[in-house]
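Subject: Structure for your review

Dear colleague,

Please find below the structure that I am handing over to you. I would be grateful if you would keep it open while you read the notes that follow it.

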Amino acid sequence: QAEAAGGFAPPLPTPRTVLRGFAPPTQPWLPGNGGVDLAATTGERVTATADGGGRYAGLLAGRGVVSLSHGDLRTTYEPLRVSVHRGQRVLAGSVIGRLQIAGSHCGPQACLHWGLLRGSSYLDPLALLGLERVRLLPLT
């Protein structure tokens, strides 16, 4: 896989269609999308975007989820048939699971929900690859 600036690589072979972009909720209890949904195929291998440690690996609300720590950043991947465990060190490009349709909110199409957090703040994971959408705001 190609590595982006900063040492992060995409979790799926590229290019990918973004089915739903980053749209964090304005309040934690409101609807939104705290990551991006990437078009994929059921059973496809999902890889770690960078070296990291497993913060969580298992079922959450009926779907397989992996969360990896990369210093002060944390990436999340779902829904997966998880193949790593909590506390495990993984290298960039290592397979962390296979995509499942069960638990996908993109149905009937399969998609990978890929998230990025710093602390409790959601960030656009496409920024790791230099692909985030920049929005200019007025000065006033």
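Which residues does Val46 touch, not counting residues up to four places away in sequence? Please bear in mind that the model is a predicted one. In this model, Val46 is in contact with Pro11, Leu12, Tyr77, Leu80, Ser94, Val95, Ile96, Gly97, Leu99 and Leu112.

The sheet around Val46

Val46 lies in strand E3, which covers residues 45-47. Strand E3 pairs with strand E9 (residues 95-99) in the antiparallel sense, over 3 bridges. In one of these bridges, the partner of Val46 in E9 is Gly97.

Strand E9 also pairs with strand E7 (residues 80-82); these two run antiparallel and are joined by 3 bridges. Here Leu80 has Leu99 of E9 as its bridge partner, while Arg81 has Arg98 of E9. As general background, the strands of a sheet pair through backbone hydrogen bonds, in either a parallel or an antiparallel arrangement.

Taken together, the 3 strands form an open antiparallel sheet in the order E3-E9-E7. E3 and E7 are the edge strands, as each of them pairs on one side only. On average, neighbouring strands of this sheet are turned by 40° against each other, with direction ignored.

The nonpolar core

Val46 also appears in the largest nonpolar core, which has 25 residues. Val46 is among the residues with the most contacts inside this core, together with Tyr77, Leu80, Ile96, Leu112 and Trp114. Two or more residues of the core come from each of strand E2 (35-39), strand E5 (63-70), strand E6 (73-78), E9 and strand E10 (111-118). The greatest contribution is that of E10, with 3 residues. Of the core residues just named, Tyr77, Leu80, Ile96 and Leu112 are also touched by Val46. In general, nonpolar side chains in soluble globular proteins tend to be buried together.

The disulfide

How many disulfides does the model contain? The count comes to 1. This disulfide joins Cys106 to Cys111, with a distance of 2.0 Å from S to S. Are these two cysteines buried or exposed? Both Cys106 and Cys111 are buried. The torsion about the S-S bond of Cys106 and Cys111 is about 75°, and the disulfide is therefore right-handed.

I suggest that you begin with Val46 and follow its contacts to Leu80 and Ile96.

Yours sincerely,
A colleague

How values were computed. Residues are numbered from 1 along each chain as its sequence is written. This is a predicted model: local features need pLDDT of at least 70, side-chain atom pairs count only at pLDDT 80 or more; totals for chains, interfaces and linings use all residues. Side-chain values use heavy atoms; hydrogens and water are left out. Two strands pair if DSSP finds at least two bridges between them. Helices (H or I, at least four residues) and strands (E, at least two) are DSSP runs, numbered from the N terminus. A disulfide is a pair of cysteine sulfur atoms within 2.5 Å. Buried means under 20% relative accessible area, exposed over 50%, partly exposed in between (1.4 Å probe, protein chains only). Axes are lines fitted to C-alpha atoms, for helices over the stretch in contact, and angles run from 0 to 180 degrees between N-to-C directions. A nonpolar core is a set of buried Ala, Val, Leu, Ile, Met, Phe, Trp, Tyr and Cys residues joined through side-chain atoms within 4.5 Å. Contact means heavy atoms within 4.5 Å.
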